[in-house]
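Notebook open. I want to look up a helix pair first, then the chain contact, then a record annotation.

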Amino acid sequence: MLVAAEGVEHHPLVPLWQELVIGTIAFALLCFVLLKFVMPRMEAMYQARVDAIEGGLKRAEAAQAEANQLLEQYRAQLAEVRTEAAQIRDDARADAESIRTEILAKAREESDRIIAAGRDSLAVERQTIVRELRAEVGGLAVDLASRIVGESLADEARRKGTVERFLTDLESAGAR
Amino acid sequence: MSGRLVAAEGLPWPPSVEDFYLPDVAGPWVTKFSLMIWLAVGLLIIFFMATYRNPKLVPSKGQWMAESVYGLVRDNIAREQMGKDGIRFAPYFTVLFSFIVVTNLFGIVPGLQISPNSHIAFPIVLALITFVMYLYVGARKHGLGRYLKQSLIIPGVPWPMHILLIPIEFLQVFAVRPVTLAVRLFANMFAGHLILLVFTIGGFVLLASDNIFIQASSIFAFIMAIMMAFFEVLVALLQAYVFVTLSANYIGSSLATEH
């Protein structure tokens with residue numbers, strides 16, 4: 001054994017002082033280099049990433065909120081349009097109803113008017129006919145009577161009065 | 001060690017403390033251990049400088065690896081143990097953590113196969129830094145007197161108890177903490193290497209036997225050696241984590257306002 005040949009016995013809990021020195025220097029160098037050149041950048045990168053992620057999340061949240069707001073808006077608009085359409089339909093229905101009743105009323109009125117007019121003209125016609133008939137019947141009767149009697153009634157006025165009287169008698173007899 | 005049995009091929013058996021003290025490469029300043037320390041320092045500087053030469057917001061693979069180490073130490077150790085104050089210590093803890101991990105892992109790297117931390121000198125250096133750091137941080141934050149009073153006197157205890165408690169607390173702060181910190185790391189690495197020696201050299205010793213059955217049983221020794229090597233990876237990472245976590249805890253307790 002080479003170690004045994006050196007004739008040094010070691011105790012595991014007693015450090016070699018050269019190793020203490022080397023360990024200190026080496027670790028100090030490692031700390032110096034990494035703490036100066038690497039770790040600050042690592043923490044900065046860490047923060048930058050946290051910011052980036054949080055910023056991204058915030059942006060996504062904002063976009064989401066905006067989308068939700070738009071959706072709400074569209075929904076509200078849609079509802080509004082729907083109620084408006086329903087309103088218009090109701091109005092149209094009411095209008096149609098009123099127009100129908102109006103037209104019906106007008107038509108009824110018109111028909112009533114036409115009937116009334118017909119009745120009036122009929123009455124007038126009848127009166128005219130009655131009057132004409134009366135004159136004709138009078139003349140005919142007089143003619144007939146004069147022919148039968150064979151004598152002409154010279155006095156126009158008297159003749160007229162006789163006919164009138166006769167007709168009135170006729171009427172009153174008919175009415176009775 | 002005249003009492004040692006030298007088995008086949010001149011392997012020393014059983015393994016002893018002297019197996020940890022290898023012949024110097026060139027004098028007491030250039031040993032395998034000191035070279036490994038420089039190697040670890042060089043590797044870490046190259047790794048971090050290379051991966052962080054041109055950092056980007058969307059990291060490359062190397063940058064991501066470096067940041068994972070930093071993120072682990074920053075969030076899971078520094079902030080966990082010390083709260084928001086811990087973040088300014090995270091860079092140092094990251095250096096400490098990666099240095100311990102690399103030097104511990106040397107214990108199972110072929111060709112090196114021993115951790116520098118199995119010599120207590122290196123854990124002592126690291127523990128001393130933590131020790132000085134927590135005293136300094138405490139004294140600077142509270143003033144030396146108030147820091148001592150705060151760390152030695154437990155509030156809400158009947159006064160005769162202080163006769164007992166103050167020496168205990170004093171020992172705790174000025175001796176137990178740094179010593180356990182150094183010894184824990186050293187002992188884990190020392191024991192780990194010893195276990196690997198026992199199973200590996202033991203396997204060869206069994207193999208050198210004249211009896212065929214004893215030779216065959218060496219396979220179990222080698223399987224154990226391989227399993228223990230994997231176990232050592234776990235121990236290497238765990239001990240680095242424990243060392244840094246306890247350092248953070250001690251520094252954090254110095255910063256804390258109450259005991």
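Entry 1, a helix pair in chain B. I started with helix α3 (residues 90-105) of chain B and helix α7 (residues 212-255) of chain B, which pack at an angle of about 155° with their axes 9 Å apart. Angles over 145 degrees count as roughly antiparallel, so α3(B) is roughly antiparallel to α7(B). I also looked up the handedness: the crossing of α3(B) past α7(B) is right-handed. Keep in mind that this is a predicted model.

Entry 2, who meets whom there. From α3(B) I noted B:F93, B:L96, B:F97, B:I100, B:V101, B:N104 and B:L105. On the α7(B) side they meet B:V233, B:A236, B:L237, B:Q239, B:A240, B:F243, B:V244, B:S247 and B:A248. Sorted by class, this contact has 13 nonpolar and 3 polar residues, and no charged ones.

Entry 3, chain A against chain B. I pulled the residue counts for the contact: 33 residues come from chain A and 36 residues from chain B. Which helices of chain A supply at least two residues each to the side that touches chain B? I found α1 (2-6) and α2 (17-149). The most comes from α2(A), with 24 residues. By class, I get 25 nonpolar, 4 polar and 4 charged residues on that side of chain A.

Entry 4, the record. I checked UniProt, where an unreviewed entry lists residues 20-39 of chain A as "transmembrane region". In the model, I find residues 20-39 of chain A to be 100% helix and 0% strand. The end C-alpha atoms of that stretch are 26 Å apart.

Key:
Residues numbered from 1 in each chain as written. Chains lettered and ligands numbered in written order. Predicted model: local features only at pLDDT ≥ 70, side-chain atom pairs only at ≥ 80, totals over all residues. Contact = placed C-beta atoms within 7 Å. Helix = DSSP H or I, 4+ residues; strand = E, 2+ residues; numbered from the N terminus. Nonpolar A, V, L, I, M, F, W, Y, C, P; charged D, E, K, R; others polar. UniProt positions renumbered as here; feature names shortened; annotations may be inferred. Axes fitted to C-alpha atoms, helices over the stretch in contact; angles between N-to-C directions. Parallel < 35°, antiparallel > 145°, perpendicular 65-115°, else oblique. Left-handed = near helix turned anticlockwise from the far one by under 90°.
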